[in-house]
Amino acid sequence: MPDEMIVRFWGVRGSYPVPGSRTVRYGGNTSCVEVQAGVHTIILDAGTGIINLGMELLRRAKDDGNKPVVATLFFSHMHHDHTQGFPFFRPAYAGASTLHILGPKVFQSDLEETLSHAMLPPSFPFSLEDLASLKIMRNISENNIVLLGHTPADVRVLNLYHNEIDSSPELVRVRTYHSYAHPKNGVNIYRISWRGRSVVYATDTEGYVETDRRLVKFAQGADLLIHDSQYRQEDYIDTNNPKQGWGHSTPEMACAIAREAKVGQLVLFHHEPLYDDDTIASVEEHARSLYPNTCAAYEGLEVRL
Ligand SMILES: [Zn+2]
Ligand SMILES: [Zn+2]
C-alpha cells in the first residue's frame with residue numbers, strides 16, 4: 001500500500017468530449033479524477049474519462065490475484081459531462097464489484113433516481129438495476145462526513161452534528177461544500193483528507209467578487225486544489241457572447257482562490273472544449289504568472305501528496 005495520496009487525471013474537459021488532433025496533449029475526455037488513499041480507490045465524477053479508468057481498475061484487480069473491484073464514486077453534480085461515462089464503466093457490470101456511489105440530491109430527486117435518468121432506456125439499452133455490481137447509493141450534503149476505514153468496503157456516511165466522528169488520521173475523510181454558483185442546483189465540492197494531506201475538487205463553480213469566501217475557508221491549506229477554469233477572462237466577459245452566470249471560472253478566479261486559501265498547488269480543470277492544446281498551454285502560462293505552482297490538468301497527470 002503506497003504511503004502517499006495519489007491523484008490521477010482521466011478526463012479533464014468540460015461540457016462534451018473532444019477527441020482529435022487538436023487535443024492530444026491535454027486530452028479530450030470529460031471529467032474524471034482518481035484518488036488513491038491507503039486501501040481506497042476514490043473516483044471523482046464519471047465523465048468519459050471513467051471508461052479508461054474502469055479498464056485500468058479491472059486490470060489492476062486481475063493482477064492482484066483476481067480480486068473484485070471495490071471503489072467509492074463521488075458525483076459533484078449530475079450534469080451530462082459528469083455522468084455520461086458511467087454506463088460504460090466496466091466494473092459496474094461485474095457481479096463481484098462493490099461500488100459506493102455518493103452525490104448530491106438534485107432538487108427533490110435522490111441520487112439513485114437522477115443517475116437512473118442519466119442512463120435510462122430508451123436512450124440506453126441497460127438500466128441501473130441491470131448492472132450486476134453491488135451498488136450502495138447515498139445522497140450526501142454539507143451535513144455529512146464520509147469516513148473510509150481500514151478495508152475498501154468500509155465506507156461510512158455520518159452526520160456531522162449527530163454522530164461521534166472518529167478523528168484517527170488513518171481514516172480517509174471526505175467533507176462537502178455545496179456551492180450554488182452552478183446552474184441549476186449547484187455543485188458539491190469535496191475535500192479528501194488522509195494522514196494530514198488533502199485535496200480539494202472544485203469543478204463547475206464560478207467565482208464571486210473578492211472570491212468565494214466559503215470556498216476559501218473550505219480549501220484553506222489544502223495541498224492540492226483542482227479548480228474549474230473553463231473560460232479565459234476575455235471569453236468570459238466577451239460582449240458578444242458573455243459567459244457570466246454559466247457556472248464556470250476563469251484562471252484568474254481559480255488563482256485567487258488558490259492564493260487566498262494558501263494551497264500547495266493548483267491544477268486548472270474542466271477545460272473549454274473549443275480550446276485547442278496551444279490555447280490551454282497559453283492559459284497555463286498566464287495562470288503561472290498569477291500563482292506560480294499551477295499547471296493545467298491533462299489526461300495522465302499524476303500528483304503525489
Ligand atoms: Zn461540467
Ligand atoms: Zn455542470
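His270, at 0% relative accessibility, counts as buried, a class that takes in residues under 20% relative accessible area, whereas exposed means over 50% and partly exposed in between, as judged with a 1.4 Å probe on protein chains only. The structure described here is a predicted model, in which local features need pLDDT of at least 70, side-chain atom pairs count only at pLDDT 80 or more, and totals for chains, interfaces and linings use all residues. Residues are numbered from 1 along each chain as its sequence is written, chains are lettered from A and ligands numbered from 1 in the order in which they are written, and side-chain values use heavy atoms, with hydrogens and water left out.

His270 (NE2) is one of the protein donors of the zinc ion (ligand 1), together with Asp81 (OD), His82 (NE2) and Asp204 (OD), at 2.1 to 2.2 Å; donors are N, O and S atoms within 2.8 Å of the metal (3.2 Å for Na, K and Ca), and sites may look incomplete because water is not among the atoms. The angles subtended by the four donor atoms around the zinc ion (ligand 1) run from 91 to 163 degrees, and the arrangement is therefore irregular. Under the criteria applied, four donors are tetrahedral if all angles lie between 85 and 135 degrees, four are square planar and six octahedral if opposite donors are over 155 degrees apart and all others between 65 and 115, and anything else is irregular. Along the chain, the donors of the zinc ion (ligand 1) follow the spacing D-H-x121-D-x65-H. Distant parts of the chain are linked by Asp81, in helix 2, and His270, in the loop between strand 13 (265-269) and helix 7 (277-290), the two being 189 residues apart; helices (H or I, at least four residues) and strands (E, at least two) are DSSP runs numbered from the N terminus. Asp81 is also buried, with a relative accessible area of 7%.

The zinc ion (ligand 2) lies 3.5 Å from the zinc ion (ligand 1), and Asp204 coordinates both. The coordination of the zinc ion (ligand 2) comes from His77 (NE2), His79 (ND1), His182 (NE2) and Asp204 (OD), at 2.1 to 2.6 Å, and the site is irregular, with angles of 90 to 179 degrees among its four donor atoms. The donor residues of the zinc ion (ligand 2) show the sequence spacing H-x1-H-x102-H-x21-D. His77 is placed in the loop between strand 4 (70-74) and helix 2 (80-83), and His182 in the loop between strand 9 (172-179) and strand 10 (187-194), so this pair ties together parts that are 105 residues apart in sequence. His77 is buried at a relative accessible area of 4%, and His182 is buried at 3%.

Helix 7, which follows the loop that holds His270, has 14 residues, and its end C-alpha atoms are 20 Å apart, in agreement with the 20 Å that it should span at 1.5 Å a residue, the expected span being 1.5 Å times one less than the number of residues. The buried residues of helix 7 are Asp277, Thr279, Ile280, Val283, Glu284 and Ala287. They cover an arc of only 160 degrees around the axis and therefore lie on the same side of helix 7, the arc being that of the directions from the helix axis to the C-beta atoms. The face turned away from this buried side carries the exposed residues Asp278, Glu285 and Ser289. Helix 6 (251-261), strand 13 and strand 14 (294-296) are among the elements that cover the buried residues of helix 7. Helix 6 is itself mostly covered, eight of its 11 residues being buried, and its buried residues pack against helix 4 (213-218), strand 12 (224-228), helix 5 (233-236), strand 13 and helix 7.

The largest nonpolar core has 32 residues, and those with the most contacts inside it are Val7, Phe9, Phe74, Val146 and Ile226; such a core is a set of buried Ala, Val, Leu, Ile, Met, Phe, Trp, Tyr and Cys residues joined through side-chain atoms within 4.5 Å. A second, separate core of 26 residues includes Phe75, Met78, Ala92 and Phe124. Not counting residues up to four places away in sequence, Phe9 touches, among others, Cys32, Val33, Ile226, Val267, Phe269 and Ala297, where contact means heavy atoms within 4.5 Å. Ala297, in the loop between strand 14 and strand 15 (302-304), is buried at 0% relative accessibility.
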